Amino acid sequence: MPEKEQEPEKDQEKDRERLAADLAATASQLMRRLRAASPQGSLTPSQRAVLSRLGTEGPATTADLARAELVRPQSMRVILGVLDDLGLVARAPHPTDGRQVLFSLTPAGEDALASVRRSKHGWLTDALDRRLDAGERHRLAEALELLRKLTEE
């Protein structure tokens, strides 16, 4: 292929790489802002993620949570141990496998999760209202569909 035809392909590849880097950096910054808006400052992001997953998907085993959160079962046991010590999760025997334990949110865990979500959503709603006009909010809503496509498995 002639050199002039290869240049646009290289430019397109650089553009895709730059877009990927910018998107990752912006998503990380947004997550940091959302975490900072949360009143549950003593909880780690991993602990918050487990509370959120239990709140969304219901009771789960250590192995299920470890797979879903992409961590080792040993790491998940540590996370669940802390949440248990804080009274945010409860243990119950697995209904069909006596070797396993199901974890679920306690009322205190549900309250903590609701508080975290209210704070995050409140900060984000305020930021959307203060920083974006109606047209920008509409474009952001359209971009969400593309972002969802990226996160589908």
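**Notes on a predicted model: two crossing helices, a small sheet and two single residues**

1. Start with helix 2 (residues 45–57) and helix 4 (residues 73–85): their axes come within 10 Å and cross at roughly 80°. Keep in mind as you look around that this is a predicted model. Angles from 65 to 115 degrees count as roughly perpendicular, and the two helices are therefore roughly perpendicular to each other.

2. Which residues of helix 2 and helix 4 meet? On the helix 2 side, look for S46, Q47, V50 and L51. Their counterparts in helix 4 are M76, I79, L80, V82 and L83. Sorted by class, this contact of helix 2 with helix 4 has seven nonpolar residues, two polar ones and no charged ones.

3. Now for the sheet. It is open, has three strands in the order 1-3-2, and its pairing is antiparallel. Strand 1 (60–61) and strand 2 (89–93) stand at the edges. Each of these two has a single partner strand, so one side of each is left without a neighbour in the sheet. Try tracing the order 1-3-2 on the structure for yourself.

4. How many bridges hold each pairing? Strand 1 and strand 3 (residues 101–105) pair in the antiparallel sense over two bridges. Strand 2 is joined to strand 3 by five bridges, and these strands run antiparallel too. If you'd like a residue to click on in each pairing, A60 has F103 of strand 3 as its bridge partner, while A90 is partnered with S104 in strand 3. A handy thing to remember while you're there: in a regular strand the side chains alternate between the two faces of the sheet.

5. Next, have a look at L70, which sits in the loop between helix 3 (62–69) and helix 4. What is unusual to check here is the backbone: L70 has a positive phi of about 60° although it is not a glycine. Is L70 buried or exposed? The cut-off for exposed is over 50% relative accessible area, and L70, at 76% relative accessibility, counts as exposed.

6. Last stop: G135, which you'll find in helix 6 (residues 134–151). Its relative accessibility is 35%, so G135 counts as partly exposed. How far apart are the C-alpha atoms of G135 and E17? They are separated by 28 Å, and the two residues are 118 residues apart along the chain.

Key:
Residues are numbered from 1 along each chain as its sequence is written. This is a predicted model: local features need pLDDT of at least 70, side-chain atom pairs count only at pLDDT 80 or more; totals for chains, interfaces and linings use all residues. Side-chain values use heavy atoms; hydrogens and water are left out. Axes are lines fitted to C-alpha atoms, for helices over the stretch in contact, and angles run from 0 to 180 degrees between N-to-C directions. Helices (H or I, at least four residues) and strands (E, at least two) are DSSP runs, numbered from the N terminus. Angles under 35 degrees count as roughly parallel, over 145 as roughly antiparallel, 65 to 115 as roughly perpendicular and the rest as oblique. Contact means heavy atoms within 4.5 Å. Ala, Val, Leu, Ile, Met, Phe, Trp, Tyr, Cys and Pro count as nonpolar, Asp, Glu, Lys and Arg as charged, and the others, Gly among them, as polar. Two strands pair if DSSP finds at least two bridges between them. Buried means under 20% relative accessible area, exposed over 50%, partly exposed in between (1.4 Å probe, protein chains only).
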